[in-house]
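Please open the model in your viewer and keep the sequence panel visible. The stops below are arranged so that each selection leads to the next.

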Amino acid sequence: MERVVDLDEAAAVLARQAVGWRTAGLVVGQATWRDAEASWPEPLESDRARLHAPDSVGVVISGPGEAELAVVLFRGGWADVDFIAGFNDAGSLPASGIGSASDFAARMNQWVARVFDVDA
């Protein structure tokens, strides 16, 4: 898989943004990683140092009313973004063409605002 996004930079973005999200009352889970060199099924790791070739980093954010946002960013420049914002408001959000960690940061802010109706 082509490396479009530096996942270490993206994880640093998540760590910085998590401060504001927590201040807004959200619960931010620990980042999880997947190693491209691991045997299938690839386990998720919370310790980045255990990976040789990370191909994704993800996080789950929870909020009031059982709202939840789950994001997994892949080094190829796309993300799996699933959410539950309310009883009749759940699904996936489009997330392709992510070109950098700063692009990912901007999109994370949009997704958090969409799901939790907060600006952080």
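Does Asp55 count as buried or exposed? At 5% relative accessibility, Asp55 counts as buried, where buried means under 20% relative accessible area, exposed over 50%, and partly exposed in between (1.4 Å probe, protein chains only). This is a predicted model, in which local features need pLDDT of at least 70 and side-chain atom pairs count only at pLDDT 80 or more, while totals for chains, interfaces and linings use all residues. Residues are numbered from 1 along each chain as its sequence is written, and side-chain values use heavy atoms, with hydrogens and water left out.

**Stop 1: Asp55 and its strand**

Select Asp55 together with Arg34. The two side chains make a polar contact at 2.8 Å; a polar contact is a pair of N or O atoms within 3.5 Å, and within protein one must be able to donate a hydrogen and the other to accept it, with residues adjacent in sequence counting only if both atoms are side-chain atoms. Asp55 is found in strand β4. Strands (E, at least two residues) and helices (H or I, at least four) are DSSP runs, numbered from the N terminus.

Now extend the selection to residues 54-62, the whole of β4. Seven of its nine residues are buried, so β4 is largely enclosed by the rest of the structure.

**Stop 2: the partners of β4**

Add the neighbouring strands one at a time; two strands pair if DSSP finds at least two bridges between them.

- Residues 27-28 form β1, which pairs with β4 in the antiparallel sense over two bridges. Val27 has Ser62 of β4 as its bridge partner.
- Residues 32-35 form β2, antiparallel to β4 over four bridges. Here Trp33 is matched with Val57 of β4 as bridge partner.
- Residues 68-74 form β5, which runs antiparallel to β4 and is joined to it by seven bridges. Ala70 in β5 stands opposite Val60.

**Stop 3: the β4–β5 hairpin**

Move to the connection, which has five residues between the strands. Gly65 takes a positive phi near 65° in this hairpin. Glu66, in the loop between β4 and β5, has a positive phi of about 65° although it is not a glycine. With a relative accessible area of 73%, Glu66 is exposed.

**Stop 4: helix α1**

Select residues 7-23, the 17 residues of α1. At 1.5 Å times one less than its number of residues, the helix should span 24 Å, and its end C-alpha atoms are 24 Å apart, which agrees. At the N-terminal end, Asp6 acts as a cap, with a side-chain oxygen 2.9 Å from the backbone nitrogen of Asp8.

Centre next on Gln17, where α1 bends by about 30°; the bend is the angle between axes fitted to the seven residues ending there and the seven starting there. Gln17 is also one of the buried residues of α1, which include Leu14, Ala18 and Trp21. Elements that cover these buried residues include β1, β2, β4, β5 and α2. Just after the helix, Gly25 takes a positive phi of about 95°.

**Stop 5: two further backbone features**

Select Trp40 and Pro41, which are joined by a cis peptide bond with omega about -5°. Pro41 is found in the loop between β2 and β3.

Finally, go to Asp117 in the segment after α2. Asp117 is not a glycine, yet has a positive phi of about 55°. At 70% relative accessibility, Asp117 counts as exposed.

Conventions. Contact = heavy atoms within 4.5 Å.
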